[in-house]
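Open the model in your viewer and keep the selection panel at hand. The tour goes stop by stop.

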Amino acid sequence: MVYDGDEIILKLEDSSFLEPNGELEAVIAYEDENVVIFNKPSGMPVHPSIKHQGDTLGNYFAYLYPELTFRPINRLDSDTSGLCAVAKNAHSANLLQGNIEKVYYAVAEGIIEEEGVIEAPIARVQESIIVRCVSEDGQRAVTHYKRLAHNERFSFAEIHLETGRTHQIRVHFSHIGHPLAGDDMYGGGLDFINRQALHCGKMIFTDYVSGEKITVVAEISEDIKILFNGGI
């Protein structure tokens, strides 16, 4: 029984099973008692894998918060830069999952339409566990984009995802004939940038404790800016 004036204390115990690595670096763009949002550099995987045992965002998180379990809310490809949110406890992970609006920025080859919607189902290429393709028997996938700038070679776009399929942005832009610059997996060239020019640049969510709307922004990476001579 709980009576008026009683105090209830909930202790959330957690622990990390990842090897900590303090030699890594990922800037913290936002932090409160329930979530930390990193500006992940390109080339850093989010999760450990067979080929990446100690050089991931998870390993850096384990160094910063040795008492916590690594619970990423969104996942970025290794070579995709930008914002990656990590919950500090299971409760916040459940509440934030699916409730963070993400805005991506990408450089596509050629000149795309001023704005558009790409709706094409995505499936896994049978021979690969990584590569995806547009296929009639795939899962529904919808990408909204708006062109913000362009030059004679590239288009810079703001992207909102209606669905969240693996490699969705990369597959969809390749599907319409404008692969992302540097994305050689899906037809992009490596002449000007050596990784897919994709960046998660904004996150918007509501703090479930205060009810405040939070907007977190990460500046476009320098290797993407240089494709437009820094003019984005």
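Is Phe 70 buried or exposed? Select Phe 70: the residue is buried, with a relative accessible area of 12%. Keep in mind throughout that this is a predicted model.

**Stop 1: aromatic rings**

Now show the rings. The structure has nine aromatic pairs. Phe 70 belongs to one of them, with Phe 61: the ring centres are 5.4 Å apart and the planes meet at 50°, so the pair is tilted. Add Phe 61 to the selection. Phe 61 is buried too, at 0% relative accessibility.

Next, select Phe 154 and Phe 192. These two rings form an edge-to-face pair, 5.7 Å from centre to centre, with 85° between the planes. The pair links distant parts of the chain, 38 residues apart. Phe 154 sits in strand β10, residues 154-161. Phe 192 sits in the loop between α3 (168-175) and β11. Turn on the surface and compare the two partners. Phe 154 is buried, with a relative accessible area of 5%. Phe 192 is partly exposed, at 44%.

Before leaving the rings, pick Phe 38, Tyr 60 and Tyr 63. Together they make up one aromatic cluster.

**Stop 2: strand β11**

From Phe 192, follow the chain onward to β11, residues 198-206. How many of the nine residues of β11 are buried? Seven are, and the strand is mostly covered.

Show the strands that pair with β11, beginning with β4, residues 81-87. β4 and β11 run parallel and are joined by two bridges. Look for Gly 82 here: its bridge partner in β11 is Cys 200.

Move to β5, residues 101-109. β5 runs antiparallel to β11, with six bridges between them. To find the register, select Ala 106 in the viewer; Leu 198 of β11 stands opposite.

Then take β12, residues 213-217. β12 also pairs with β11 in the antiparallel sense, over five bridges. Met 203 and Val 216 of β12 stand opposite each other.

**Stop 3: the hairpin and its surface patch**

Stay with β11 and β12 and trace the turn of their hairpin. Six residues lie between the two strands. Check the backbone at Gly 211, which takes a positive phi near 80°.

Select Tyr 208, in the loop between β11 and β12. Tyr 208 is partly exposed, with a relative accessible area of 31%. Add Leu 95 and Val 209. With Tyr 208 they form a nonpolar patch on the surface, and the three have about 250 Å² of accessible area together.

**Stop 4: the cysteines**

Finish by showing sulfur atoms as spheres. How many disulfides does the structure hold? Zero. A disulfide is a covalent bond between the sulfur atoms of two cysteines.

Return to Cys 200, which you met as the partner of Gly 82. Where is the closest cysteine sulfur to that of Cys 200? That sulfur is in Cys 84, at 8.3 Å, too far for a bond. The cut-off used for a disulfide is 2.5 Å. Cys 200 counts as buried, at 0% relative accessibility.

Last, select Cys 133. Cys 133 is partly exposed, with a relative accessible area of 25%.

Key: Residues are numbered from 1 along each chain as its sequence is written. This is a predicted model: local features need pLDDT of at least 70, side-chain atom pairs count only at pLDDT 80 or more; totals for chains, interfaces and linings use all residues. Side-chain values use heavy atoms; hydrogens and water are left out. Buried means under 20% relative accessible area, exposed over 50%, partly exposed in between (1.4 Å probe, protein chains only). Helices (H or I, at least four residues) and strands (E, at least two) are DSSP runs, numbered from the N terminus. Two strands pair if DSSP finds at least two bridges between them. Patches are made of residues with over 30% relative accessible area and no salt bridge: like charges are joined within 9 Å, nonpolar side chains (Val, Leu, Ile, Met, Phe, Trp, Tyr) within 5 Å. Accessible areas come from the Shrake-Rupley method with a 1.4 Å probe; for residues, only the protein chains shown count as cover. A salt bridge is a side-chain nitrogen of Lys or Arg within 4 Å of a carboxyl oxygen of Asp or Glu. Rings of Phe, Tyr and Trp (its six-membered ring) pair if their centres lie within 6.5 Å; planes under 30 degrees apart count as stacked, over 60 as edge-to-face and the rest as tilted.
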